[in-house]
Amino acid sequence: MQVHKIAVIAGDGVGPEVIAEGVKVLNAVAALDGGFRFEFTHFPWGCQYYLEHGRMMPEDGIQQLSRFDAIFLGAVGYPGVPDHISLWDLLLVIRKSFDQYINLRPVKLLRGAPCPLKDVRREDIDMTFIRENSEGEYAGSGAWLYRDTPYETVIQNGVFSRHGCERVIRYAFELARKEGKTLTSISKGNALNYSMVFWDQIFAEVGKDYPDVETHSYLVDAASMFMVKDPGRFQIVVTSNLFGDILTDLGAAISGGMGLAAGANLNPERKFPSMFEPIHGSAPDIAGRGISNPMATVWSASQMLDFFGHETWGRRLVDILEELMVEGKILTPDMGGTASTSQVGDAVVARLHG
Ligand code: IPM
Ligand code: MN
């Protein structure tokens with residue numbers, strides 16, 4: 001029997017509530033399949049841990065996580081701990097230490113999902129965002145000079161390496177080829193005259209190896225306009241770390257809301273564990289009330305199943321989310337329902353059996 005060893009960091013706010021449903025659903029899938037099982041190990045890291053220990057995770061946290069096949073992360077961040085500390089010392093350090101340079105985020109409008117755009121059909125919003133996840137605007141390079149003087153100056157560098165750009169762009173081309181889809185690069189070469197000119201150049205270079213893949217290039221401002229006005233233009237999308245961050249929130253807004261937004265942080269070489277997470281954050285305003293939407297977590301569980309080669313189950317989970325939204329009976333309040341977090345998780349499990 002195949003065993004998938006998963007490190008669970010439920011984290012802050014609604015993290016533990018939604019992750020409980022993700023674990024429930026993954027266990028149900030494994031029991032039904034019979035060919036594999038999950039072994040979950042829980043780590044109580046996050047902002048509460050920080051308040052007690054002065055750090056987000058132990059000093060050897062990364063070393064502890066390295067023994068696992070994957071990480072299942074709930075949410076990080078809570079009032080009382082500055083965001084740049086909680087995120088840099090947990091989420092971002094994991095992405096970087098484990099070289100999870102692909103951030104794969106589906107932006108797909110499922111049937112029944114709420115959509116604020118008018119006259120769009122399901123097939124008009126069917127994108128996969130490949131966000132660079134290891135460097136770029138998030139490289140953490142810079143300086144804070146002359147602090148607390150009238151000359152105080154900060155510098156935040158974008159770091160775009162040939163290696164870093166090539167590998168994410170090549171990954172996106174491979175995916176576009178495999179799925180028979182177009183590939184769109186989103187950058188900003190007209191204003192960012194080093195980083196994004198370089199990005200565009202590498203996109204053109206790598207593209208020579210993929211004459212069969214139809215490509216498009218957009219400036220990020222125009223792309224954000226077209227994502228709203230004509231989302232059908234985009235299929236596979238590759239973009240930088242910050243642009244991908246921003247555009248995938250826009251993507252979530254047009255495809256069902258943050259309650260459905262999932263993301264996979266992948267180390268494609270599988271040298272290190274990959275990490276799967278809902279991307280909605282810790283939502284302190286509704287934490288502890290049992291009303292957070294576990295669907296994004298179920299979708300990220302589906303991405304985990306895909307990554308382990310159980311694609312049929314991965315697809316089944318997304319189909320079930322769609323069925324639940326079409327039926328409209330067991331939904332959390334953000335989707336206009338009255339169900340609790342665990343009732344939605346139970347409904348997913350019931351459909352797996354049914
Ligand atoms: C995301 C989040 C993170 C990011 C934050 C919390 C640092 O917004 O995963 O999209 O910007 O990458
Ligand atoms: Mn984000």
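Trainee: Leaving out residues up to four places away in sequence, which residues does glutamine 343 touch?

Mentor: Glutamine 343 touches Ile330 and Thr338. A touch here is a contact, meaning heavy atoms within 4.5 Å. Before we go on: this is a predicted model, where local features need pLDDT of at least 70, side-chain atom pairs count only at pLDDT 80 or more, and totals for chains, interfaces and linings use all residues, while side-chain values use heavy atoms, leaving out hydrogens and water. Residues are numbered from 1 along each chain as its sequence is written, with chains lettered from A and ligands numbered from 1 in the order in which they are written.

Trainee: Okay. What makes glutamine 343 partly exposed?

Mentor: Buried means under 20% relative accessible area, exposed means over 50%, and partly exposed is in between, using a 1.4 Å probe and protein chains only. Glutamine 343 comes out at 42%, so it lands in the middle class.

Trainee: And where does glutamine 343 sit?

Mentor: In helix α11, residues 341–353. A helix here is a DSSP run of H or I with at least four residues, a strand is a run of E with at least two, and both are numbered from the N terminus. Leucine 331 is twelve residues from glutamine 343 in sequence, with 8.4 Å between the C-alpha atoms.

Trainee: How many helices and strands does the chain have by that rule?

Mentor: Eleven helices and twelve strands.

Trainee: Let's try a strand residue. Why is serine 185 called buried?

Mentor: Its relative accessibility is 0%, so the buried label applies. Serine 185 is in strand β8, residues 183–187. Beyond four places in sequence, its contacts are Trp199, Asp200, Phe203, His216, Ser217, Tyr218 and Val238. Take Phe203: it is 18 residues along the chain from serine 185, and their C-alpha atoms are 7.4 Å apart.

Trainee: Now helix α9. What makes glutamine 303 buried?

Mentor: The value is 8%, so glutamine 303 counts as buried. Its helix, α9, covers residues 295–307. The contacts of glutamine 303 outside four places in sequence include Leu104, Pro106 and Phe276.

Trainee: Why do leucine 305 and threonine 297 get the buried label?

Mentor: Leucine 305 has a relative accessible area of 0%, so it passes. Threonine 297 is at 0% as well, so it counts as buried too. Leucine 305 is in helix α9, and so is threonine 297. Apart from residues up to four places away, leucine 305 touches Leu26, Val29, Phe36, Phe38, His310, Glu311, Trp313, Gly314 and Leu317. Threonine 297, with the equivalent neighbours left aside, is in contact with Val18, Ile19, Gly22, Phe72, Pro278 and His280.

Trainee: What makes alanine 283 stand out in its backbone?

Mentor: Alanine 283 has a positive phi of about 40 degrees, although it is not a glycine. It lies in the loop between β12 (274–278) and α9. At 23% relative accessible area, alanine 283 is partly exposed. Its C-alpha is 26 Å from that of leucine 305, 22 residues away along the chain.

Trainee: Which loop holds aspartate 119, and why is this residue called exposed?

Mentor: Aspartate 119 is in the loop between β4 (102–108) and β5 (126–132). Its relative accessible area is 71%, so the exposed label fits. Its phi is positive too, near 60 degrees, in a residue other than glycine.

Trainee: How many disulfides are there?

Mentor: A disulfide is a pair of cysteine sulfur atoms within 2.5 Å, and the count by that rule is zero. As for individual cysteines, cysteine 47 is buried at 3% and cysteine 165 is buried at 1%.

Trainee: Why does the radius of gyration agree with a compact globule?

Mentor: The radius is taken over C-alpha atoms, and the globule rule is 2.2 Å times the number of residues to the power 0.38. For 354 residues the rule gives near 20 Å and the chain has 20 Å, so the two agree. The C-alpha atoms fill a box of roughly 55 × 50 × 40 Å along the principal axes.

Trainee: What percentage of the residues count as buried?

Mentor: 51% of the 354. Among contacts with a separation of 6 or more, 74% are between residues 24 or more positions apart.
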